[in-house]
Amino acid sequence: MRLTTDTCTTVVAVDNQARRPILLRFAGLVLAMTPTEARTLADQLHDRADTAEETDK
């Protein structure tokens, strides 16, 4: 499966009243995360992006 930005809008929102307040919406899905989970995901994505850039060189 491939998810591309031209076919899917990604939205990040905050629901301060929720137990997992960080909401990531894409392709009809909503992922609810704690701030720690969101930071961990962001770090992992950043690390993999750096790795991908290194292999492209």
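Here are a few exercises on this predicted model, each with a worked solution.

**Exercise 1.** Work out the order of the secondary structure elements along the chain.

*Solution.* Start by counting: the chain has three strands and one helix. Then walk from the N terminus, and the pattern reads β-β-β-α.

**Exercise 2.** Find the residues of the largest nonpolar core, and the element that gives the largest share of them.

*Solution.* First, a bit of context: of the 57 residues in the chain, 16% are buried. Next, pick out the core itself, which has six residues: C8, I22, L24, F26, M33 and A38. Now check where they sit: strand β2, covering residues 22–26, supplies three of them, the largest share.

**Exercise 3.** Decide whether A27 is buried or exposed, and say what stands out about its phi.

*Solution.* Locate it first: A27 lies in the loop between β2 and β3 (29–33). Its relative accessibility is 52%, so A27 counts as exposed, the cut-off being over 50%. Now the backbone: phi of A27 is positive, about 50 degrees, even though this residue isn't a glycine. That's worth flagging because most residues other than glycine have a negative phi.

**Exercise 4.** List the members of the negative surface patch, then place and classify D43.

*Solution.* The patch brings together D43, D47, D50, E53 and E54. Take D43 on its own: it belongs to helix α1, which spans residues 35–56. With 48% relative accessibility, D43 falls between the 20% and 50% cut-offs, so it's partly exposed.

Key:
Residues numbered from 1 in each chain as written. Predicted model: local features only at pLDDT ≥ 70, side-chain atom pairs only at ≥ 80, totals over all residues. Heavy atoms only, no water. Core = buried A, V, L, I, M, F, W, Y, C linked by side-chain atoms within 4.5 Å. Buried < 20%, exposed > 50% of the residue type's maximum accessible area, 1.4 Å probe, protein only. Helix = DSSP H or I, 4+ residues; strand = E, 2+ residues; numbered from the N terminus. Patch = residues over 30% accessible without salt bridge, like charges linked within 9 Å, V, L, I, M, F, W, Y side chains within 5 Å. Areas by Shrake-Rupley, 256 points an atom, 1.4 Å probe, with all protein chains shown as cover. Salt bridge = Lys/Arg side-chain N within 4 Å of Asp/Glu carboxyl O. Lys, Arg positive; Asp, Glu negative; His and termini not counted. Charge placed at Lys NZ, Arg CZ, Asp CG, Glu CD.
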